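The following exercises are to be solved with the sequence and the structure at hand. Each task is followed by a solution in steps.

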Amino acid sequence: MTTAEEIVDPVLERVKTGIEAFDDLVMGGLPRGRTTIVGGTPGSGKTVFATQFLAHGITDLDEPGVFVTFEEPSADIEVNMASFGWDIRGWQNAKKLAFVDASPRDQDELVVGEFDLAGLLARILHAVQGIGAKRIVLDSLTQLFHHFVADQNAIRRELLRVASALKREGLTVLMTAERNSEYGDISRHRIEEFVADNVVILRNALDRERRRRTIEVLKMRGSRHVEGEVPITLVSGEGMVAVPLSSLRLEQQSSTKRVTSGNAELDRMTSGGFFRDSVTLVSGATGTGKTLLVTNFLAGGAAAGERALLIGYEESRGQLFRNAKSWGVDFEALEAEGRLKVVCLYPEAQSLPDHLLMIRELVEEFKPDRLAIDSLSALERIAPETGFREFLISLTSFIKKHEIAGLCTATDKSLVGGQSVSEQHISTLTDSIILLRYIQQAQFMHRGLMVLKMRGSEHDKQIRRFTIDGDGMHLGDAFEGSPDIFSDSVLPGPATA
Amino acid sequence: MDPVQSGARPPLGLRLYVAGDTPGARRAIESRERLLDACGNRLDIEVIDILARPDAAEAAGILATPTLADEAIQPPRRLIGDFSNIAQVLDFFGLRKEDTPS
C-alpha cells in the first residue's frame with residue numbers, strides 16, 4: 001500500500017468554473033483531474049454551465065478547452081451561447097477551444113455485433129492534444145445512449161474507457177446528463193454511478209407558477225462541499241450566476257461606528273444612531289410613516305456627506321420625489337450632486353434572484369454608504385416562501401459585508417398591530433427593528449414609534465408618539481398607559497390614567 | 001490502396017475505419033478480404049486507421065469502430081460492428097453477392 005499511486009494528494013487542486021458562488025460551494029472549484037456529472041432536466045442550463053466552465057478557463061485562466069457535443073451541432077452552440085457574450089468562433093480561431101462534433105448526422109446507420117468508441121476517443125484526444133486542453137466538456141451523455149440505443153452495456157463500458165483516458169490526460173472533465181424529473185433519479189441510464197467523482201444537479205422547478213432555478217452539489221468524492229440547493233439565474237452577457245447563501249460565511253465584523261438615522265430624536269432613542277454595518281427593519285401599516293423614515297435616513301446620510309441608494313418597489317420615482325419634497329427633502333438636488341440614487345421598479349419585473357443581482361450590481365457600481373429598500377413586502381408577493389427567505393439572508397449578508405447601513409421596510413397587512421411574513425423572516429436577520437403603529441386613544445388615532453430591538457446597543461424602550469408635518473417626523477412624548485402595539489390598539493383615555 | 005484498378009464500371013468505394021491493431025480491427029480486416037474476394041473489381045475498400053489519422057475520423061464524424069462506410073452517397077451509409085456476414089454487408093451497401101465475373 002505504499003506505491004506511488006496510493007498516495008492521494010491531501011489538497012485537491014481546484015479548477016474554477018467561473019460561477020463564483022458555485023465555486024464557494026465546492027471549496028474553491030471542481031477538483032482538477034476529476035470527472036463531474038452535471039445532471040438536469042431539459043432547459044435546466046446544463047449546456048450553459050458547461051460552456052461557462054470552458055469559457056472561464058479560456059478567458060481568465062489561459063486553460064484551453066474541448067467541447068464534445070452529442071446533442072446540438074457546434075454551429076448551434078455558437079449561436080445559442082453568443083447571448084452570454086461568449087465568442088466561441090474567436091476562441092476556435094485562437095486555438096483556445098476545439099469542438100468534437102458528435103451531434104446526430106443525417107446518415108443511414110446500422111449496428112451489428114460488437115463495437116467500441118475508439119473513434120470518438122481518438123477524435124477527442126486529437127482535439128485535446130491539438131490545443132493543449134486542460135478542460136473538457138461532454139454534452140450530453142444521454143444523447144450518446146440514445147444514439148446506440150440497443151447497446152447500452154457497450155456504451156457504459158466504452159464511456160468508462162473514455163472517462164479513464166481523459167483522466168490519464170490530466171483533464172478536468174465535465175459531463176452533462178439528462179434527468180427525467182427534478183426530484184428523482186440522478187440521471188437517465190445511471191451514468192453517474194460509473195464515471196463520476198462528483199455530481200452536481202441543476203433544477204428548473206415550477207413553484208407557484210414561477211420558475212425557480214437552483215444548483216445543488218450532491219456528491220464530491222474526497223472533498224467537502226456545501227449542501228442544499230442554491231438559487232441561480234441566467235444573465236445575458238454573463239452566463240450563469242449563482243446567488244450565494246450568505247450563511248456560508250458569517251464573518252462580517254461588527255463595527256461600532258454609528259450613523260445617523262436622519263432624525264435627531266430617533267438617534268437619541270437608539271443611543272446614537274444605527275450601526276454602520278447593520279440592517280434595520282421598519283415595520284408598520286400603510287401610512288404610518290415608513291417611507292418618511294426612509295427619506296430621513298437617506299437625507300441624513302447625504303447631509304453627512306455619504307452616498308445613499310434607494311430601491312423602490314411600491315412607489316414610482318415621481319411619487320417618491322414628491323413625497324420627499326413635502327417633507328422638505330429635495331431628492332432631485334441630491335441625485336444631481338451624486339449623493340443619492342433612486343431606482344424604482346415593479347417587483348414583478350424580474351425574479352427574486354435577479355432582484356438580488358441587480359441590487360448587488362447597483363451597490364458595486366454606485367458604492368453607497370447606506371441603502372434603503374421600500375418595501376420588502378412588495379417583493380414577498382412574487383416569491384415562494386423559501387425563496388424569499390434565501391433572498392433576505394443573501395441581501396442582509398451582502399449589506400453587512402459591504403459595511404453599508406441598511407434600512408428595509410415591511411408593510412403590515414392589518415392597519416393595527418399584526419405581523420407580516422417578512423417580519424417573521426427578517427426579524428431574526430436584522431439587527432434592529434423599529435415598529436410604527438396606529439394607536440387609538442379615546443377618540444383619537446395617534447402614531448406611535450418604538451425601537452423593538454437593537455442588537456449590541458441600549459435603546460429607549462418607550463413607545464413614542466409622533467406627528468408628521470411639512471418638516472418631516474417629530475417624535476413626541478411616550479404614551480401613557482400601556483398600549484398593546486402587537487394586537488389591538490385601543491388605549492384607555494388619558495383621563496383614566 | 002491506389003484506386004487505379006481498371007474495369008468497365010467504377011468500383012464501389014467504401015471506407016473501413018478501425019482504431020489500431022485490436023482484435024476487433026483484425027476481424028474487420030479479415031472480413032474486408034472476404035468481401036473483396038466476393039466482389040472482385042466491383043468493390044474497393046480503403047482502410048483508415050483513425051489512430052494514425054484522427055482528422056479523417058473527425059471529418060467523417062466517426063464515433064464507433066469498426067465502421068464500414070459508403071460516403072459517396074448522401075446521406076452516407078454506415079455499418080458498425082461485425083461484418084462477417086458477407087451477404088448482409090453487401091445487401092446493406094446495395095451490392096448483390098454474385099459469382100465473380102471470370
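**Exercise 1. The contact between the chains**

Task: Describe the contact between chain B and chain A in this predicted model, beginning with the residues that take part.

Solution. Step 1: Chain B contributes 25 residues to the contact, and chain A contributes 26 residues. Step 2: Together the two chains bury about 2100 Å², of which 56% lies on carbon and sulfur atoms. Step 3: Glu58(B), Leu63(B) and Ile80(B) provide 33% of the area that chain B buries against chain A, more than any other three residues.

**Exercise 2. Polar and charged pairs across the contact**

Task: State how many residue pairs in polar contact and how many salt bridges are counted between chain B and chain A.

Solution. Step 1: There are 2 salt bridges between chain B and chain A. One of them joins Arg77(B) to Asp108(A), with the closest N and O atoms 3.6 Å apart. This pair qualifies because the cut-off for a salt bridge is 4 Å. Step 2: The count of residue pairs in polar contact between the chains is 13, both residues being at pLDDT 80 or more. Step 3: Helix 2 (54–60), strand 4 (77–81) and helix 3 (86–92) of chain B each give two or more residues to the side that touches chain A. Helix 2 of chain B supplies the largest share, 6 residues. Step 4: By class, this side of chain B has 16 nonpolar, 4 polar and 5 charged residues.

**Exercise 3. Strands that meet across the contact**

Task: Determine whether strand 6 of chain A and strand 4 of chain B run parallel or antiparallel.

Solution. Step 1: Strand 6 (residues 108–112) of chain A is joined to strand 4 of chain B by 5 bridges, and the two strands run parallel. Step 2: Within this pairing, Leu110(A) stands opposite Leu79(B).

**Exercise 4. Salt bridges within chain A**

Task: Classify Glu13(A), Arg32(A) and Arg203(A) as buried, partly exposed or exposed, and name their partners.

Solution. Step 1: Glu13(A) forms a salt bridge with Arg32(A), the closest N and O atoms being 2.9 Å apart. The two residues are 19 residues apart and link distant parts of the chain. Step 2: Glu13(A) counts as partly exposed because its relative accessibility is 47%. Arg32(A), at 22%, also counts as partly exposed. Step 3: Arg203(A) meets Glu229(A) in a salt bridge at 3.4 Å, N to O. Arg203(A) lies in strand 9 and Glu229(A) in strand 11 of chain A. Step 4: Arg203(A) is buried because its relative accessible area is 6%, and the cut-off for buried is under 20%.

Methods:
Residues are numbered from 1 along each chain as its sequence is written. Chains are lettered from A and ligands numbered from 1 in the order in which they are written. This is a predicted model: local features need pLDDT of at least 70, side-chain atom pairs count only at pLDDT 80 or more; totals for chains, interfaces and linings use all residues. Side-chain values use heavy atoms; hydrogens and water are left out. Contact means heavy atoms within 4.5 Å. Buried area is the accessible area (1.4 Å probe) that two parts lose on being put together, summed over both. A salt bridge is a side-chain nitrogen of Lys or Arg within 4 Å of a carboxyl oxygen of Asp or Glu. A polar contact is a pair of N or O atoms within 3.5 Å; within protein, one must be able to donate a hydrogen and the other to accept it, and residues adjacent in sequence count only if both atoms are side-chain atoms. Helices (H or I, at least four residues) and strands (E, at least two) are DSSP runs, numbered from the N terminus. Ala, Val, Leu, Ile, Met, Phe, Trp, Tyr, Cys and Pro count as nonpolar, Asp, Glu, Lys and Arg as charged, and the others, Gly among them, as polar. Two strands pair if DSSP finds at least two bridges between them. Buried means under 20% relative accessible area, exposed over 50%, partly exposed in between (1.4 Å probe, protein chains only).
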